[in-house]
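Trainee: Could we go through one strand and one pocket, and check the labels against their definitions?
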Amino acid sequence: MNFSASPGDASERAARYDQAACGLLTTDRDGHIVDVNQTLLDWLGATRDETVGRRRFIDLLSGGGRIYHETHFAPLVGLQGWAREVAFDLRCADGSDLPALVNARLRQEDDTTLIDIAVFGATERRMYERELLIAKQRAERSEFHAQLLARTLQDTLLPHDVPAIPGLEIAAAYLPAGEGHDIGGDFYDMFQIAADEWVIAIGDVEGKGVDAAIVTALVRHTIRAAAVEHGPAGVLRLVNRVLLASQSNRYCTAAVLRCNRNDDVWSVTVACGGHPLPILARSDHARPCGAPGTLLGILEVVDFTEVTVTLDSQSVLVAYTDGVSEARRNGIQLGDDVIGDIAISHIHRPVQQLLDAIIDEAIRFGGTPNSDDIAAIAIRHAPTDAARHDRTMSRRPLGAR
C-alpha cells in the first residue's frame with residue numbers, strides 16, 4: 001500500500017499553508033527566512049522575493065523586539081527547542097507596528113536545523129490589554145479618592161483633639177475596621193455645656209459607608225443640641241425621635257455621660273440606649289454602670305435609665321463600642337469581664353496606657369486587621385493642677401499595612 005502524497009495533495013497543502021489564518025515562516029538556525037506564507041506577507045505589506053533568502057526573522061521586529069529576540073527568544077528556542085506566546089511587535093513596510101504573539105519550534109530536516117514560527121495577530125488583544133490597564137488605573141485612582149473621602153468624612157465625625165478638662169484625666173481612641181477604607185459608624189464626642197459640666201458621648205450607627213456617616217453626623221449633632229437642656233436619658237429620647245423621623249432605616253446604639261464637678265468631686269450620670277455599659281473599675285473590682293436601655297431608631301416607646309457614679313483618683317470609667325467587647329476568636333467574644341480585668345490591672349497607670357491595653361487585647365484576641373470599628377474613652381478624676389489629657393488616637397490594626 002502506497003501512502004505517498006499525490007501532487008494534488010501537495011498543492012492543496014501548499015495552498016492551505018499559504019492562506020492559513022495565521023502567519024507562518026521557517027528560518028534556518030541563524031534566523032534567515034527560508035519560507036513564508038502569503039498571510040504574513042500581506043500583514044507586513046511585503047513580497048516573497050524581498051523576504052525569502054534576503055531577510056532574517058529578527059529584521060521583521062521592532063527595536064525593542066530585536067533586543068528581546070537576541071537576549072531571550074533565540075537562546076530559549078536553541079536551549080529547549082521551543083517557545084510559546086512570546087509578544088513581539090512586527091515592523092510593517094509602511095513603518096507601522098503589528099502586535100503579535102509568536103510560537104516557535106526547532107526541528108531537524110535531513111541534516112538541516114530549521115525553526116518553524118507561527119505568528120498570531122494580537123492587535124485586538126493589545127487594545128484590550130491597554131483598555132484593561134487604563135480601567136485598572138482609573139479604578140485605582142477612584143479607590144484612592146474614595147479612601148481620601150472616607151478619611152476626610154470620618155475626621156468630621158470625631159473631635160480633632162481630646163479637650164483638656166480641669167480635674168479629669170481623659171483619653172480616647174478610634175480604630176477603623178480592616179484597612180480603614182470604609183467609613184464606619186462608630187463615633188465619640190466630648191463637649192462643654194456649662195462652667196463645670198461636660199458631656200461625653202459614644203455610639204455606633206449600624207452599617208458603613210456614606211449613608212451610615214450621614215446618620216452618624218445626625219446623631220452626633222442631635223446629642224450636642226439636646227444636651228444643653230436635657231439629661232442623658234432625655235438626650236437619648238430625642239435622638240430616638242430624630243432617627244425615627246429621618247426614616248433612615250438605620251438603628252444606633254449610644255451611651256451619654258454627663259460629667260459634673262462640685263468643688264473637687266466629679267460625678268458622672270450615665271444613660272445607655274442599646275449600648276455596651278461603661279465599666280467603672282477600681283483596684284479591687286470592676287462593675288458595669290447603668291442599664292442597657294432601648295436600641296435607638298427602632299421603637300417609638302423607649303426606656304432609658306440614668307445612673308450616677310462618683311469618680312476619684314482610684315477609679316476609672318471606661319466606655320467603648322461593641323468592636324471592643326465583641327472581638328471574636330472561634331466564635332467566642334472577648335467580653336466585658338476581660339475588659340474589666342484589664343482595667344483593674346492597669347488602674348494605676350495613665351488612662352491612655354489603660355485604654356491602649358484594652359484595645360491591644362481586643363486586636364490580639366480578634367486578630368488583625370480588626371473586623372469591626374473600635375471607639376473607646378477612659379476618664380479618671382485628677383487633682384486640678386495635675387489634670388491630663390491625651391490627643392485623639394488614630395491607630396492602625398497591628399500587622400495591617
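Mentor: Sure, we'll take the strand and then the pocket. Bear in mind that this is a predicted model, where local features need pLDDT of at least 70, side-chain atom pairs count only at pLDDT 80 or more, and totals for chains, interfaces and linings use all residues. Residues are numbered from 1 along each chain as its sequence is written, and side-chain values use heavy atoms, with hydrogens and water left out.

Trainee: Why is strand E14 called largely enclosed?

Mentor: Buried means under 20% relative accessible area (1.4 Å probe, protein chains only). Five of the five residues in E14, 316-320, are buried, so the rest of the structure largely encloses the strand. Val316, Val318 and Tyr320 cover one side, Leu317 and Ala319 the other.

Trainee: How do you know that E14 and strand E17 pair?

Mentor: Two strands pair if DSSP finds at least two bridges between them. E14 and E17 (residues 374-381) have four, in the antiparallel sense, with Tyr320 opposite Ala376. Strand E11 (residues 279-281) also pairs with E14, antiparallel over three bridges; there, Ala281 has Val316 as its bridge partner.

Trainee: What makes a residue part of the lining of the second largest pocket?

Mentor: Lining residues have an atom within 4 Å of a point of the pocket, which is an open set on a 1 Å grid with protein on both sides within 12 Å along at least five of seven lines. Helix H3 (63-80) gives the most to this lining, with six residues, and strand E5 (112-121) supplies at least two.

Methods
Buried means under 20% relative accessible area, exposed over 50%, partly exposed in between (1.4 Å probe, protein chains only).
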